[in-house]
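This briefing gathers selected local features of one model, grouped by topic for a reader who has the coordinates open. Metal sites come before the ligand contacts, and a helix and a single residue follow.

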Amino acid sequence: MKEKLLKILGLEHKSEYVRNFLYASNIKSSIYMSVYITCMEIWMIIRLLSRQLQGIDLRSTDYYISHYCNYAMLLAAAAVMLIFAVMYIRGKKVPQALGYVLKWAFMLICVSFGIEISAADYGKGEQVFTFLTMELFAACLLTWYPIFGFMIISVSYGIFYLTLDATLVTATGFIGATDATKINLFIMYVATLFCSFGNYARTASQARKAEELSRMNGRLEDIAKHDELTGIHNMLYFRAEAEKLLKTKKKSELTFLFLDIENFKSYNETYGFSKGNELLKRVAQMIDSAFSYSLSARFSDDHFVVLTASPGSEGTVSLISEKLESEDSDVQLHLKCGAYSPTESDDDPILACDRARFACNSIKKHFGKKYRVYDSGLEETYHLKRYVVNSIDTAVREEFLRVYYQPIMSAADDTVAGFEALARWDDPAHGVLIPALFITTLEEHRQIHKLDMFIIDRVCRDIRHRLDTGSFCPPVSVNLSRLDFELVDIVGCLCGTADRYHIPHSLIDVEITESALVGQKEKLKAELDRIRAEGFSILLDDFGSGYSTLNVLKEYRFDVLKIDMQFLEGFPDNPNTGVILENVLALAKSLGMTSLAEGVETEEQYAFLRRIGCEKVQGYMFSRPVPINQLDEKLLTGSLKPAKKEI
Ligand code: C2E
Ligand code: MG
Ligand code: MG
């Protein structure tokens, strides 16, 4: 009830936004009023002056003095109000309290002059429009809370009525205000009240709508600016702000940083997504507060970017990394950072982030290296990588892509038991590019399927040719990327191509790296089953290079376990190498898988592998990956012996 009453009176609680809106609308309205009154009073002064000078309708000195004073006072009030309002509109800092005082003073002056002038006019039997005009201006243009509106209008009409009533109208013989005037005044009083209340209701409702809109805008702006998960800025905001900074700041003082949490994927696998998200939030906060005077954002996944003008970024990154390393976790987490200082011609922050990212990627898996500055050495690789992404279609069309083959040897009798097909990019402009450069780049840009589909086709064509010419033709393994399964129906493509060339599926093996299988599950499992059902063998490539090795073996079935070459690296100095290898072989055997060791470079390694029962081997010791005709030469000259019975 009390609240209802307060609302009717306009005294309910108003937010600061609504109060400011009402205030602003009053100041804007007072501009119209003050401009009108200023012009009006200047005109009145000029009019009176010219009449006085021309001697028209000459009056007493008192008359002139009182009129000039009245005009001047109104003019001064309007001018002060106008100056204040213009200053406010132009965004000058003017005290709000002064605005309220001026508004009230201006209203009082206008209405009192209205009463005085109209009462005098009425006394002479003239109209009462000055009062009505002033009343309309002050009560209806300015937005008064209903209680104030009611007070102002009632008091002013009351005073005006009493003044009229006390006025002796000698010319017409009436004493006081006539009944018609009283009735008209009452009607005008009610109309003015309605106008004033209506004005308040309209403006207050506009204020509330504007407040809601601004709140919504604020929320949208917040969403548009911030990363949903971590709460720090997102790339949209980063990009816009970085563009501004690149324009306004000295570029040589700026540094773009690209930060990556090493081993975050393993953390996710070990502890689950929810804990992974918690970690991301913590790292985001660490970065945001460590670079508090810089612009920072989440780039994607576990990647963050910073644009800073402060020196000492390397030290700051190192501190964050130390904090990260001290996290209570079984997974060793590190922070890797690439830095790039923009040159005068750099305007695109994304390109700059890309370069910083490139520097960061170049130190991934480099133990102990946390910070790398982008340099011209990286520049060439960077351009090559961009070139790779832009030219993959041309490379496929123009056949820059080649298949090199590396023999897979049977350890039992030193004969060639298979080939591994490895892609090479023989570029007319850049020479032979190695997979380390183009495979990851194509994967990053989700273009790898184009290469793999091409390689499958060429491998099938080569096998067909060998079968047709009666050449030695062992199974050939092709490498597939995890993304192939996402991007295309790679199994369908494999079957379709093999069938088009009429090749028995047993002549093609599929290699999938261990890391490809992490975090996949159902879909990939079904695809692998499909591969096997179609009669292809599956090799688990690079076994032991990842973190979830044993899990992968638990989840999927493979025909061959390809032991990563890292295992042989420490041999023979590291005594553990032998023990681990022996156990891996035992594991493969117990799971019914053929064992294959890659990266065999020395006689010593080979002898050891044979002794512990490794079934197949592959490595530079036998042959580097070479074009098929070179393999044929080796087979012809006897430096490689074909397996007696083709599989
Ligand atoms: P991967 O499948 O594990 O291939 C074995 C890599 O080890 C090959 O490198 C090979 O040249 C190298 N290698 C073989 N023997 C030795 C040795 O005795 N010592 C040393 N240090 N290295 C040896 P490459 O050809 O550079 O390929 C690297 C990786 O690129 C491959 O690893 C494979 O994961 C990927 N890759 C190659 N071709 C393709 C392809 O057509 N499609 C896909 N998706 N990936 C491919
Ligand atoms: Mg392979
Ligand atoms: Mg491998």
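Along the chain, the donors of the magnesium ion (ligand 2) are spaced as E-x58-N-x31-E-x29-D, in a model that is predicted. The residues behind that pattern are E420 (OE), N479 (OD1), E511 (OE) and D541 (OD), which coordinate the ion at 2.0 to 2.2 Å. Two of these donors, N479 in strand β11 (residues 476-480) and E511 in strand β12 (residues 508-513), link distant parts of the chain, being 32 residues apart.

**The two magnesium ions**

- The magnesium ion (ligand 3) has as its protein donors D541 (OD), D542 (OD) and E598, the last of these listed with two OE entries, and they lie 2.0 to 2.5 Å from the ion.
- For the magnesium ion (ligand 3), the spacing of the donors along the chain reads D-D-x55-E.
- D541 coordinates both the magnesium ion (ligand 2) and the magnesium ion (ligand 3), and the two ions are 4.0 Å apart.

**Burial of the metal donors**

- Among the donors of the magnesium ion (ligand 2), E511 is buried, with a relative accessible area of 1%, whereas N479, at 24% relative accessibility, counts as partly exposed.
- The bridging residue D541 counts as buried because its relative accessibility is 5%, under the cut-off of 20%.
- D542, a donor to the magnesium ion (ligand 3), is partly exposed, with a relative accessible area of 22%.

**Surroundings of ligand 1**

- Ligand 1 is surrounded by 24 residues, of which the closest are Q406, D452, D541, E601 and Y620; one of them, D541, also bridges the two magnesium ions.
- E420, which is a donor to the magnesium ion (ligand 2), also places a polar side-chain atom 3.0 Å from an oxygen atom of ligand 1.
- In the side chain of R424, an N or O atom is 3.0 Å from an oxygen atom of ligand 1, while for Y620 a polar backbone atom is 2.8 Å from an oxygen atom of the ligand.

**Helix α8**

- Helix α8 (residues 235-248) has 14 residues, which at 1.5 Å a residue should span 20 Å, and the 19 Å between its end C-alpha atoms agrees with that expectation.
- At the start of α8, a side-chain oxygen of N234 comes within 3.3 Å of the backbone nitrogen of L236.
- The buried residues of α8 are M235, Y237, F238, A242 and L246; seen down the helix axis, the buried residues fall within an arc of 155 degrees, so they line one face of the helix.
- Turned away from that buried side is a face of α8 that carries the exposed residues L236, K247 and T248.
- The cover over the buried residues of α8 includes the helices α7 (179-225) and α12 (349-361), together with the strands β3 (255-262), β4 (295-300) and β5 (303-308).

**Residue E527**

- E527 is found in helix α19 (residues 522-533), where it is buried, with a relative accessible area of 11%.
- Leaving aside residues up to four places away in sequence, E527 touches F485, D489 and V491.
- E527 and A586 are 59 residues apart along the chain, and their C-alpha atoms are separated by 28 Å.

Note on methods:
Residues numbered from 1 in each chain as written. Chains lettered and ligands numbered in written order. Predicted model: local features only at pLDDT ≥ 70, side-chain atom pairs only at ≥ 80, totals over all residues. Heavy atoms only, no water. Donors = N, O, S within 2.8 Å, 3.2 Å for Na, K, Ca; no water. Helix = DSSP H or I, 4+ residues; strand = E, 2+ residues; numbered from the N terminus. Buried < 20%, exposed > 50% of the residue type's maximum accessible area, 1.4 Å probe, protein only. Expected span 1.5 Å × (residues − 1). Arc of directions from axis to C-beta. Contact = heavy atoms within 4.5 Å. Polar contact = N/O pair within 3.5 Å; in protein donor to acceptor, adjacent residues only side chain to side chain. Near = heavy atom within 4 Å.
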